[in-house]
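Trainee: Please take a close look at a single part of this model and explain how it relates to its surroundings. I would be grateful for one connected account.

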Amino acid sequence: MSKKVFSFAAWMAVFCFTATAWAAAPQWTWRMQVIHSNAHSDFQQNTQTAEDIMKATGGRLQIKVSPNGTFAPSLEAFQACGDGVFEMHSSWPIYAKGVEYALMPLSTMGLGLDAHDKWVWIYEFGGWDLMQKAFDKMNLKLLACEIWGTEVLMANKPYKSIADMKGRKMRTSDPRLLAKNGIAGITLPLEEVFTGLQTGTVDMAEFGHLKYNEGLGLTDIAKYGIWPDFWNGHFITTVVVNKAAWAKLPPDVQTIVELAFKAREHQHWTKSQYQSAVAKRELEAKKKMQFLRMDKTP
C-alpha cells in the first residue's frame, strides 16, 4: 500500500471516529421546557425543530424538549430559565408579567391586532426590541414569536352578547376590558383551567384555539364554543434561551438555532388555524358542541 493511500485511509478512520463521537456525545446538551403537553402539536413542532438543529449542527447541539411542569410550574418558568434551571423555554410572556408588566400588552390584549398585523408590528415597528428589552430583566434572549390561531370561548351557556355575560366569571388572560362591562375576569394558569371550568369556579373560559382546547379536555366539558371572540383574538408565545448558555455557542450554531425556530413561526399559526377548523367540523358532526358568534351590538 502506498503512503498516500495509507494516509487517506488513516484520515478517513479519524473522520469516521470523530463523526461517531459527535453523535454519541453532543458538545452542548440543553433542556427546553415548553408550556404544552405531549398531546399538543406545538410540543411535536418544538421537538422537530430540536431534531433539525441536531442534524444541522452535526450533532454538536442537542435540545431535549420536555412538557410543562417538568422543571418549573408555568408561572415561574421564565424566571427559572433565566436563572439557569434549564436552558430554553417556550410559553406565553404574560406569565412573566410580575417581573415586567409590559409583557402583558406586548403579548395579549382584548380587541387587539390580528395575526398578520401583529407580525408587522413585531418585525417592522419595534415590537421585537420592546419584547427583548422586557426579557433582559430575566437574563433571557428572544429567539422567536409564535402567534396563535383564533381563540375560542368555552362555555356551557350560549352567550350572545357582552350584556349576557354581566355578573358572570370568565377565565381570561386580560381582565381589564371585562371589568368595565360587569364581568369578573379571573386569570387562571394552564394547570387550573380545566378544573376551574368543570367545577364552576368560572362560568366560561378563553384559553387557546379550538384544537389546543381539545387537547386540554375543555371540549369534553363545554357545550358551546363562541368564536371568533373580542377578548384576545391572537396571542403570542415566545421561544427564549438563557443568555449565559447562549453565549457559550459559537456564531454558526447560534445562527442555526435562531433560523430554526424562526422558520416555524408562521407554520405555528397555519397549523393551529387548520387543525382548529378540522376539530370544529368533527365536534359539530358528533353533536358534542355548538358554535356561536356573538351579536355585533353589545
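**Helix H12 and its surroundings**

Mentor: Of the 298 residues in the protein chain, 48% are classed as buried, that is, with under 20% relative accessible area for a 1.4 Å probe and protein chains only, where over 50% is exposed and anything in between is partly exposed. The model is predicted, and therefore local features need pLDDT of at least 70 and side-chain atom pairs pLDDT 80 or more, while totals for chains, interfaces and linings use all residues. Residues are numbered from 1 along each chain as its sequence is written, and side-chain values rest on heavy atoms, without hydrogens or water.

The chain contains twelve helices and eleven strands, which are DSSP runs numbered from the N terminus (H or I over at least four residues for helices, E over at least two for strands). Its C-alpha trace spans about 90 × 45 × 35 Å along the principal axes. Of the contacts (heavy atoms within 4.5 Å) between residues at least 6 apart in sequence, 77% link residues at least 24 apart.

The part I have chosen is H12, made up of residues 265-285. Its 21 residues reach 31 Å from first C-alpha to last, close to the expected 30 Å, a figure obtained as 1.5 Å times one less than the number of residues. Nine positions can be listed as buried in H12: Glu265, His268, Trp269, Ser272, Ser276, Val278, Ala279, Lys280 and Leu283. An α-helix has 3.6 residues a turn, so residues three or four places apart point the same way. After the helix comes Lys287, with a positive phi near 60°.

Two other helices pack against H12. Such pairs are described by the angle between the axes and the distance between them; here the axes are lines fitted to C-alpha atoms over the stretch in contact, with angles from 0 to 180 degrees between N-to-C directions. For H2 (residues 41-56), the axes come within 11 Å of each other and cross at roughly 150°. H2 is therefore roughly antiparallel to H12, a class for angles over 145 degrees (under 35 is roughly parallel, 65 to 115 roughly perpendicular, the rest oblique). The crossing is right-handed, meaning that the near helix is turned clockwise from the far one by less than a right angle, whereas anticlockwise would be left-handed. On the H2 side the contact involves Ser41, Asp42 and Gln45, which meet Gln267, His268, Lys271 and Gln275 of H12.

The second partner is H5 (residues 115-124), whose axis comes within 12 Å of that of H12 and crosses it at roughly 165°. These two helices are therefore also roughly antiparallel, and their crossing is right-handed. Ala115, His116, Trp119 and Tyr123 of H5 make the contact with Glu265, His266 and Trp269 of H12.

H12 also takes part in the nonpolar interior. The largest nonpolar core (buried Ala, Val, Leu, Ile, Met, Phe, Trp, Tyr and Cys residues joined through side-chain atoms within 4.5 Å) has 25 residues, of which Trp92, Met154, Leu190, Phe207 and Tyr212 touch the most other members. H12 is among the elements that give two or more residues to this core, as are strand E5 (151-155), helix H8 (190-199), strand E8 (204-209) and helix H9 (210-215). H8 provides the largest share, three residues.
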